[in-house]
Amino acid sequence: MNFDDTAAANAVRQQAEDAALAALVDQYAGALYRVAFSVLRNAADAEDAVQEAFLRVLRHRDQLNEVRDHRVWLIRIVWNIVLDRKRRAKTRPETDDVAELARVLPSNGLSAEQVASAAQHHGQVLACVEQLPVKEREVLMLSAFDELSSVEIASVLGITESSVRSRLFRARNLMAGMLNHARGKTRDLEPSGRTAETAAAAEEEGR
Amino acid sequence: MSITPQNSYGRSGEGIDRAGTGEDTLRLIARLPAPDGLEERVRVALRAAPRHGRVLAWPVALRADAAWVRATAAAAIVMVVAGGGWSVYSHIQPWQPAKANAVPARVGTMGEFSGAGAVRSPQTLQPPVVSAPPKSAGLYPSQKKRHKKAAAATVLTGTLAPAAK
C-alpha cells in the first residue's frame with residue numbers, strides 16, 4: 001500500500017471521527033451539562049465537567065463505533081467525572097450551593113421574598129439529599145432526569161434494574177422522614193419566634 | 001435537546017407522596033437549561049486539544065527497499081534482550097538445601113515446664129583428668145590440726161572400745 005493512500009485514508013477517517021464527535025456534542029452537551037450541574041451545582045464546574053467528558057471521548061474516539069448507546073455511555077462518563085470532582089471539592093462551603101441555586105433557578109412572577117424562601121426550601125432538600133447514603137443518593141439524583149429510564153440508570157451505575165427500584169424506594173422513604181423531621185423542627189421554632197416578637201412589641205407599647 | 005419522559009416508575013409514586021420527598025427540587029434542577037453557546041465552547045476545546053500522541057521522528061528516512069536494515073535492527077534487539085536474560089540467569093546461584101536441621105523448641109504440654117529453648121549438646125571431648133592431691137597437701141594449718149584431732153579420736157575410740165566390752 002502506498003504511503004499517500006494511507007495518509008489519505010487516515011485523513012478521511014479523522015474527518016469522519018470529527019463529524020461524529022461534533023454530532024455527539026450538539027446532541028448531548030445539554031443533557032450532560034444538566035447531569036453535571038445536578039451534582040456539582042455550579043455552572044462553571046458543570047461546564048468544565050462536560051468539556052472533560054468530551055475530551056475523554058476524543059481520546060477514545062476509536063471505540064465510538066463499538067458503543068451501543070452513546071447517550072448512556074456519555075452520561076456514565078460525565079457522572080464519573082462529577083463524582084470525582086465532588087469528592088475532591090469537599091471543602092467548599094454548602095452556603096455557596098444555596099446562593100448559586102437561588103441565582104440559577106427560575107423566578108418568574110415571584111417576589112424577592114418568595115424566591116429567597118424557595119431557595120431556602122431547595123437548600124433544605126439538597127441538604128437532606130446530601131445526608132442520604134451514597135447508593136440511594138445516586139439513584140435518586142439520576143431518577144430526577146425524565147429522559148433516563150430505570151434500565152438506563154442501572155446501566156449508568158452498573159447495577160441491576162431491580163436494585164435501582166429498591167434503592168429509589170429506600171431513598172424516597174428516607175427523604176420523606178428527613179424532610180418531615182426538618183419541617184417539625186421549623187414548626188417548633190416558629191412559636192418561640194413569635195413570642196419574642198410579641199414581647200418586643202409589648203415592650204415598645206409599654207414605653 | 002427535547003425532554004422525553006421515560007421513567008414512568010418515577011411518576012407512579014409507589015405509595016409515597018413524591019412532593020414530600022423533595023424530588024420536585026431535584027427535577028427542577030434537572031430541567032435547568034444549559035447555558036448558551038455551550039456546544040460551541042466544547043467544540044473549541046476539542047479543536048484545541050492535542051489529537052495525536054507525540055511521536056519522535058526517525059532521523060534518517062528509510063527507503064522502501066531497505067527492509068534488511070529493519071531485519072538487522074530487529075535481530076540486534078533480540079540478541080540484546082536474550083543476552084541480558086542469559087547474563088541474569090547465569091549469575092543466579094542455584095538453591096542449596098540447608099546443612100543444619102533446625103530442631104523446634106520443645107514445648108511442655110500438660111503443665112510441664114518447657115526447656116526454654118535450651119538444647120542439650122552431647123559431650124564430644126574427653127573431660128580433663130585431675131590427679132588426686134596428697135592427703136595433707138593443700139590443707140591450711142587450722143585444717144591440718146582438725147585433721148590430726150579427728151585421727152587421734154579415731155585411734156582412741158578404736159582402743160577404748162575393746163575395754164568397754
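This passage describes a predicted model of two chains, A and B, and the contact between them.

We can begin with the overall confidence. For the complex, the predictor reports an ipTM of 0.73 together with a pTM of 0.57. In chain B the pLDDT averages 71, and 55% of the residues score at least 70. Confidence varies along this chain: among its elements, helix H1 of chain B (residues 8–12) has the lowest mean pLDDT, 42, whereas helix H4 of chain B (residues 67–91) has the highest, 92. Two stretches of chain B fall below a pLDDT of 50. One covers residues 1–17 and has 26 contacts in the model beyond near neighbours in sequence. The other covers residues 159–165, and for this stretch the corresponding number of contacts is zero. Where pLDDT is low, predicted coordinates should not be read in detail.

Chain A comes next. Its secondary structure consists of eight helices and zero strands, so that the order of elements from the N terminus reads α-α-α-α-α-α-α-α. Of the 207 residues in chain A, 29% count as buried. Looking at contacts in chain A with a separation of 6 or more, 63% come from residues 24 or more positions apart.

Helix H3 of chain A is a good element to follow by eye. This helix runs over residues 70–88, which makes 19 residues, and the distance from its first C-alpha to its last is 27 Å, close to the 27 Å expected at 1.5 Å a residue. Its buried residues are A:Leu74, A:Ile75, A:Ile77, A:Val78, A:Trp79, A:Ile81 and A:Val82.

A single loop residue of chain A also deserves a look. A:Arg41 sits in the loop between H1 and H2 of chain A. Its phi is near 55 degrees, a positive value in a residue other than glycine. Is A:Arg41 buried or exposed? A:Arg41 counts as buried because 21 C-beta neighbours lie inside 10 Å, and the cut-off for a buried residue is 20 or more.

Chain B is likewise described by its helices: there are five, with zero strands, and from the N terminus the elements run α-α-α-α-α. Of its 165 residues, 7% count as buried. In helix H2 of chain B (residues 23–30), the buried residues include B:Glu23, B:Thr25, B:Leu26, B:Ile29 and B:Ala30. Viewed down the axis of H2(B), the buried residues fall within an arc of 155 degrees, so they line one face of the helix. Helix H4 of chain B gives another picture. H4(B) is hardly covered, and the count of buried residues among its 25 residues is zero. Its end C-alpha atoms are 36 Å apart, which agrees with the 36 Å that 25 residues should span at 1.5 Å a residue.

Finally, the two chains meet. How many residues does the contact take from each chain? Chain A provides 43 residues and chain B provides 30 residues. On the side of chain A that touches chain B, at least two residues each are supplied by helices H1 (3–40), H2 (43–59), H5 (112–131), H6 (134–143) and H8 (161–206) of chain A. H1(A) gives the most to this side, with 12 residues. By type, the residues on the side of chain A that touches chain B divide into 27 nonpolar, nine polar and seven charged.

Technical notes
Residues are numbered from 1 along each chain as its sequence is written. Chains are lettered from A and ligands numbered from 1 in the order in which they are written. This is a predicted model: local features need pLDDT of at least 70, side-chain atom pairs count only at pLDDT 80 or more; totals for chains, interfaces and linings use all residues. Helices (H or I, at least four residues) and strands (E, at least two) are DSSP runs, numbered from the N terminus. The expected span of a helix is 1.5 Å times one less than its number of residues. A residue is buried if 20 or more other C-beta atoms lie within 10 Å of its own, exposed if 12 or fewer, and partly exposed in between; C-beta atoms are placed from the backbone. Two residues are in contact if their C-beta atoms, placed from the backbone, lie within 7 Å. Ala, Val, Leu, Ile, Met, Phe, Trp, Tyr, Cys and Pro count as nonpolar, Asp, Glu, Lys and Arg as charged, and the others, Gly among them, as polar. pLDDT is the predictor's confidence in each residue, from 0 to 100. The arc is that of the directions from the helix axis to the C-beta atoms.
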